[in-house]
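Let's take a friendly walk through this structure, one feature at a time. Have the sequence and the model open side by side as you read.

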Amino acid sequence: MKTIRRLWQKAMRNTALRERLRIIIFQSDTPLGKAFDVALLWCIVASILLVFIESLPGLPLLSKKILTVLEYAFTFFFTLEYLCRLYCSDKPRDYALSFFGIIDLLSTLPLYIGWIFGPVRYLMIVRTFRLIRVFRVFKLFSFLQEGDLLMRSLILSAPKIGVFFLFMVILVISMGTIMFMVEGSIPGTPFTDIPTSIYWAVVTMTTVGYGDIAPSTFFGRVVSALVMLMGYTIMAVPTGIVSAQMVHDHKSKRKPESCPECGSPLPAKAHYCPFCGLKQEKEYLPAQDNTIK
């Protein structure tokens, strides 16, 4: 134990090695850094394909052994990479608690946990999230900005979507209960209880329509038709909520315009500058008040 501690302390004092590793692992501007990131992405894709192939039934025993060896090799590589990131990071704690740090750790743990709980090893599919690094490697930051806009819109729309979801829960419970009242007394009916009827209402209102449960009476079909029409009408509401929030966020990010003649901030839809009277060629957004209150 003391020997390992001395080696670790010696490695931590080797600032030149840490800096070189940091440039290779965390920066994709250099040739070695980009080569490392591209190789890492290919390893991630290959390891994900291994999980897919390994889940196929009827694989020969030799193929399973080869896949197992490759799986251990990839896991060892990802574990070593994670430790190297902790070693060369300027702030190891911040990296370990960041989104990528947590994903990097989770991508290595399933195989080790799988030694005790077998099926858990298939959670290695979480490595798919590591492919997000492709945006950094190939300088696709504009796509990340669009992703941030979408995530912000979803977060800000969460309360409205929550209210809508609660309304949907109440609606499917009500419609399922009504269908049980209409069809529940029919001999041989699939609507044997209220929970089953609520399941039918969810499947029907979301327009999935498995067809495993269907009404047989006239009034039951009328209720079913009403639920279908409500589903088509209501299911577009969350999309509209998020879209409206995205449009609002996009407009709020636009910089306020000023008069090209006097430089004064222009009010909304201004045809003339209220300070110098210059006619404006287009309508501008209102200027934002950035003064500290």
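F74 has a relative accessible area of 17%, and because buried means under 20%, F74 counts as buried. Keep in mind as you look that this is a predicted model. A little further along is F78, which is also buried, at 1% relative accessibility. Both residues belong to helix α4, where they lie 4 residues apart, about one turn of the helix.

Now turn to the rings themselves. A pair of aromatic rings is described by the distance of the centres and the angle of the planes. In total, the model holds 5 aromatic pairs. In the pair made by F74 and F78, the ring centres are 6.4 Å apart and the planes meet at 20 degrees, so this pair is stacked. F74 and F78 also share one aromatic cluster with F77.

How are the rings of F191 and W200 arranged, stacked or edge-to-face? They are edge-to-face, with 5.5 Å from centre to centre and 75 degrees between the planes. Both F191 and W200 are buried.

From here, look at V172, which sits in helix α9, spanning residues 141-183. V172 is buried, with a relative accessible area of 10%. Which residues does V172 touch, once its neighbours within four places in sequence are left aside? The contacts are I198, A201, V202 and M205. Another residue to find is S197: 25 residues separate S197 from V172 in sequence, while their C-alpha atoms are 9.0 Å apart in space.

Helix α6 comes next, covering residues 99-106. Its buried residues are G101, I103 and D104. Seen down the axis of α6, these buried residues fall within an arc of 165 degrees, so they line one face of the helix. What lies over them? The cover of the buried residues of α6 includes α4 (61-88) and α5 (92-97). Helix α4 is the helix that holds F74 and F78.

Finally, move to the surface. A nonpolar patch there is formed by W42, V45, L49, F52, I53, L56 and I125. Together these residues have about 650 Å² of accessible area. One of them, V45, has its place in helix α3, residues 31-54. Is V45 buried or partly exposed? At 31% relative accessibility, V45 counts as partly exposed, whereas V172 in helix α9 is buried at 10%.

Conventions: Residues are numbered from 1 along each chain as its sequence is written. This is a predicted model: local features need pLDDT of at least 70, side-chain atom pairs count only at pLDDT 80 or more; totals for chains, interfaces and linings use all residues. Side-chain values use heavy atoms; hydrogens and water are left out. Buried means under 20% relative accessible area, exposed over 50%, partly exposed in between (1.4 Å probe, protein chains only). Helices (H or I, at least four residues) and strands (E, at least two) are DSSP runs, numbered from the N terminus. The arc is that of the directions from the helix axis to the C-beta atoms. Contact means heavy atoms within 4.5 Å. Patches are made of residues with over 30% relative accessible area and no salt bridge: like charges are joined within 9 Å, nonpolar side chains (Val, Leu, Ile, Met, Phe, Trp, Tyr) within 5 Å. Accessible areas come from the Shrake-Rupley method with a 1.4 Å probe; for residues, only the protein chains shown count as cover. A salt bridge is a side-chain nitrogen of Lys or Arg within 4 Å of a carboxyl oxygen of Asp or Glu. Rings of Phe, Tyr and Trp (its six-membered ring) pair if their centres lie within 6.5 Å; planes under 30 degrees apart count as stacked, over 60 as edge-to-face and the rest as tilted.
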